[in-house]
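Work through the exercises below with the sequence and the model at hand. Each task is followed by a stepwise solution.

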Amino acid sequence: MDQMRKSNEELDKFLKERPNQKELVDRNILKDPKIAPALQHQAEELKRAKLETALAHKIENRPTASELIDHNILHASHVAPALQSKEAELKRSQLEDVLNHKIQERPTPETLVEKHILEGQVV
């Protein structure tokens, strides 16, 4: 008898925590109760066909890779996609090195005055 009461208590607990019909519909566990069961399959097929048509249209009209490159959305690269971010980092690092080298090699203002590129005294 004690086992039966315990089972009843557990069952009551599960029934109290059971999601309502709207939650089950929202989670796609139950079909929409507003549509007759005989029409639910047709409604799903129609919804799926509409989605397929929309996706096919988007795929047909999507821009080409060259258009995306022209708009700076994609970057022209011959490297695997997994390595493209590393390639960009390497290019940036190389550019920084070149610019730092050019700044270090830049003539001083005194040199520019001596070569008559700048006029006057250097402060």
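**Exercise 1: a helix checked by its span**

Task: compare the expected span of helix H3 with the distance between its end C-alpha atoms.

Solution. Helix H3 covers residues 37-60, which is 24 residues. The expected span is 1.5 Å times one less than the number of residues. That gives 34 Å for H3. The end C-alpha atoms lie 35 Å apart, so the two values agree. Helices here are DSSP runs (H or I, at least four residues), and strands are runs of E of at least two, numbered from the N terminus.

This is a predicted model: local features need pLDDT of at least 70, side-chain atom pairs count only at pLDDT 80 or more, and totals for chains, interfaces and linings use all residues. Residues are numbered from 1 along each chain as its sequence is written, and side-chain values use heavy atoms, with hydrogens and water left out.

**Exercise 2: burial in H3**

Task: decide whether H3 lies largely in the open, then place Gln40.

Solution. Start with the cut-offs: buried is under 20% relative accessible area, exposed is over 50%, and partly exposed is in between (1.4 Å probe, protein chains only). Of the 24 residues of H3, the number buried is 1, so the helix lies largely in the open. Now take Gln40, which sits in H3. Its relative accessibility is 17%, so Gln40 counts as buried. Next, look for its contacts (heavy atoms within 4.5 Å). Leaving aside neighbours within four places in sequence, Gln40 touches Lys31, Asp32 and Ile35.

**Exercise 3: salt bridges along helices**

Task: find how many salt bridges the structure holds, and examine examples in H2 and H5.

Solution. Apply the criterion: a side-chain nitrogen of Lys or Arg within 4 Å of a carboxyl oxygen of Asp or Glu. The structure holds 6.

- Step 1, H2. Lys22 pairs with Asp26, with the closest N and O atoms 3.0 Å apart. They are 4 residues apart in helix H2 (residues 21-26), so about one helical turn separates them. Both Lys22 and Asp26 are exposed.
- Step 2, H5. Glu87 and Lys91 form a salt bridge at 4.0 Å, N to O. Both lie in helix H5 (residues 84-105), 4 residues apart. Glu87 is partly exposed at 22%, and Lys91 is partly exposed at 48%.
- Step 3, H5 again. Glu96 and Arg92 meet at 3.6 Å, N to O. They too are 4 residues apart in H5, about one turn. Glu96 is partly exposed at 41%, whereas Arg92 counts as exposed at 58%.
- Step 4, the geometry. An α-helix has 3.6 residues a turn, so residues three or four places apart point the same way.
- Step 5, a network. Salt bridges link Asp2, Arg5 and Glu9.

**Exercise 4: annotation and layout**

Task: which residues does the annotation "repeat: RPEL" cover, and what separates the centres of domain 1 and domain 2?

Solution. The unreviewed UniProt entry places the repeat at residues 53-78 and 97-122. UniProt positions follow the numbering used here, feature names are shortened, and annotations may be inferred rather than shown by experiment. Over residues 53-78 the chain is 54% helix and 0% strand, with end C-alpha atoms 34 Å apart.

Now the domains, whose bounds come from an automatic or database assignment. Domain 1 is 1-66 and domain 2 is 79-115. Their centres, taken over C-alpha atoms, are 57 Å apart. Finish with one residue pair: Glu89 and Lys13 are 76 residues apart in sequence and 58 Å apart in space, C-alpha to C-alpha. Glu89 is found in H5 and is partly exposed at 48%.
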